[in-house]
Structure formats: C-alpha cells, structure tokens
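Reader: Please take one part of this model and go through it closely, with the criteria stated. I would like the helix packing first and the enclosed space after that.

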Amino acid sequence: MASSVAIEKLVEKIGLRNLLPEINMEGKKIVTSEINRPALQMTGYFDHFYSERVQIIGYVEYTYLENQPREKKIPIYEKFLSYNIPCIIYTTLTEPDEDMLRLAMKYQIPLFATDMSTSSAMAEIIRWLNVELAPCISIHGVLVDVYGEGVLIMGESGIGKSEAALELIKRGHRLVSDDVVEIRKVSDDTLVGTAPDITRHFIELRGIGIIDVKTLFGVESVKNTQSIDLVIKLEEWNRDKEYDRLGLEEEYTEFLGNKVVCHSLPIRPGRNLAVIVESAAVNHRQKKMGYNAAQELYNRVQKSLMRTPG
C-alpha cells in the first residue's frame with residue numbers, strides 16, 4: 001500500500017501554479033486522500049483541525065479573509081501555518097495576500113493556485129489521490145484492454161501469456177502491462193491495474209527478447225491504466241480434470257478483498273487464445289448488460305422438457 005505521494009506529483013498532475021518556488025518541496029509528502037477547507041480555522045477555531053490534509057482555500061474563505069482586519073488575520077495565519085500542513089491550494093482565481101505569502105515562506109508551507117472552481121479542484125484532487133494512495137499489490141500476469149473490458153491473463157511462466165497479448169494487440173486491442181501488473185483497490189467495487197514505470201509498454205517474448213509495443217504498433221495499442229473486469233487463468237490441459245462447459249455458475253478470484261470473475265482456460269495445441277479471450281470478454285460484457293447465454297440455453301432446454309410428453 002502506498003503510504004504517501006510526493007507533492008510534486010500532485011502539482012504536475014493537476015497543473016497547479018507554484019506561488020513560492022523558493023520552498024524546497026523535496027521530501028514533502030501527502031499521506032491522505034481527504035482534503036480540508038479551513039473555513040473554521042480562519043475564524044480562529046482550531047479544535048479538530050485535520051492538518052495532515054491538503055488545505056483548500058476557495059472563494060468563500062478568500063472573501064471572508066479579505067474583509068478581516070490585518071491585526072486579526074496575522075495571529076490566525078501564524079497558528080494555521082505552524083501546523084505541519086502538506087500544502088495550501090487557492091482556487092477560483094483567488095490569490096493569497098502578502099501576509100500569507102510571507103508567513104508561508106517563514107514556516108516553509110508550499111502555496112499553490114489554480115483557476116479551477118473549488119468543487120472541481122476538490123473532486124479532481126480526491127479522485128487522483130484515491131488512486132495514488134490506494135492499497136496496492138504486484139502480481140505476475142498480463143493486463144489487456146479487450147473491447148473496453150480489462151482482462152488479466154495469469155498462468156505459469158512460459159505458458160503463453162505474452163504471446164496471447166501480442167496477438168490481441170495485432171487484433172486491435174490495447175496492452176496495459178506485461179509480466180508484472182500493479183493492482184490498486186480504488187473502491188470496494190473497482191480494481192485498477194497499471195504497469196511499473198520501468199516496464200511500461202514493453203513485452204518479453206521468449207526467443208525474440210524485449211519488444212516496444214508502443215513503437216511497433218503505435219500509441220493506439222497501449223493504455224496506462226485499466227479497471228480489472230475479468231481474470232483468465234491459463235493452465236496446461238489435464239485430461240483428469242473436469243472443465244466448466246456451460247458457465248451457469250461464475251467462479252471468482254480475489255485481490256485486496258475484491259472479487260473478480262475468473263475463468264480457467266486449458267491450453268492445447270491448435271487453440272486460438274486471442275479469439276477465446278475476445279469471446280470471454282464479450283460474453284462477460286453481455287452478462288453485465290443482462291444477457292447470459294448459458295442461462296438462455298438452460299431456459300430453452302427446460303421449456304423443451306416441459307413440452308415433451310411424459
């Protein structure tokens with residue numbers, strides 16, 4: 001689980017203006033995705049002040065402070081900035097006054113500004129921090145976007161995961177990650193997969209080596225993040241094992257407490273893995289839209305049996 005995120009990453013992602021570039025931000029971290037609007041703090045009330053959060057000063061706080069005498073504001077600024085605040089962001093075309101700038105410099109608290117409205121800035125910051133600070137694990141597998149469905153292909157090393165992904169890419173689908181997939185739990189319903197920075201857009205093919213998918217097939221063949229909707233486990237064909245042939249009951253696998261639909265796919269010579277993965281993705285999408293082919297077949301068989309004379 002990521003315990004913190006560098007403030008520089010937030011500045012870059014949201015496009016914030018740094019009002020005090022003299023402050024060294026190296027080592028300054030954000031540890032929670034929650035944010036705080038310090039309206040009560042600006043009136044002098046500091047009980048239950050969540051100082052570890054990013055502080056957002058919007059138009060309401062700005063106009064209130066504009067109408068306060070300087071001798072009242074300075075002690076409040078002093079106390080506010082004496083806390084270990086990660087940073088302060090001014091929104092809706094507002095700017096800090098000279099006293100805020102001077103005291104922020106004194107206490108080495110980064111100050112930023114954005115033209116976005118307060119509600120838009122808050123929503124964007126919370127959404128991004130929720131992903132960055134989400135519980136995270138790394139697993140061995142390949143993640144591909146197939147018809148908008150995030151398909152995580154798993155299996156033993158050398159079974160053909162990368163080869164299946166390459167065929168899917170040639171058929172117009174998009175690679176998210178090969179070999180190692182970083183999975184983040186962004187909500188109780190959603191898992192998001194990404195590639196480690198060092199291996200992003202690369203695939204390893206035994207006998208050939210490393211290939212750069214983005215360079216070979218173009219930017220439309222890759223994607224940075226994708227929700228994980230379906231897991232396909234590749235395994236060697238076992239004659240003694242019974243495989244599901246109808247699909248009436250879903251099987252699941254679990255990551256970080258979230259369940260994901262899982263299919264075990266036996267590998268035999270002559271099976272086109274890419275076409276099977278495509279079919280599984282489309283079938284899964286159909287089920288989400290309310291149509292289950294296996295259930296439809298079952299219903300037809302039941303109706304046929306009911307019509308058959310006893």
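Author: A crossing is called right-handed if the near helix is turned clockwise from the far one by less than a right angle, and left-handed if anticlockwise. Helices are DSSP runs of H or I with at least four residues, numbered from the N terminus. This is a predicted model, in which local features need pLDDT of at least 70 and side-chain atom pairs count only at pLDDT 80 or more, while totals for chains, interfaces and linings use all residues. Residues are numbered from 1 along each chain as its sequence is written, and side-chain values use heavy atoms, without hydrogens and water.

Helix α3 (residues 70-82) packs on helix α4 (residues 98-107) at about 30 degrees, with the axes 10 Å apart. That angle makes α3 roughly parallel to α4, a label for angles under 35 degrees. Axes are lines fitted to C-alpha atoms over the stretch in contact, and angles run from 0 to 180 degrees between N-to-C directions. The crossing of α3 past α4 is right-handed. Among the residues in contact (heavy atoms within 4.5 Å) are I74, Y77 and L81 of α3 and M100, L103 and Y107 of α4.

As for enclosed space, a cavity is a set of points on a 1 Å grid over the protein atoms alone where a 1.4 Å probe fits but cannot get out; lining residues have an atom within 4 Å of a point. There is one cavity of 30 Å³ or more. The largest cavity has a volume of about 60 Å³, the space filled by probe spheres set on the points, which are joined across faces, edges and corners. Its lining includes Y62, K73 and Y77. The largest share, three residues, comes from α2.

How values were computed
Helix = DSSP H or I, 4+ residues; strand = E, 2+ residues; numbered from the N terminus. Parallel < 35°, antiparallel > 145°, perpendicular 65-115°, else oblique. 1 Å grid on protein atoms, 1.4 Å probe; cavity = no way out; pocket = protein on both sides within 12 Å on 5 of 7 lines; lining within 4 Å.
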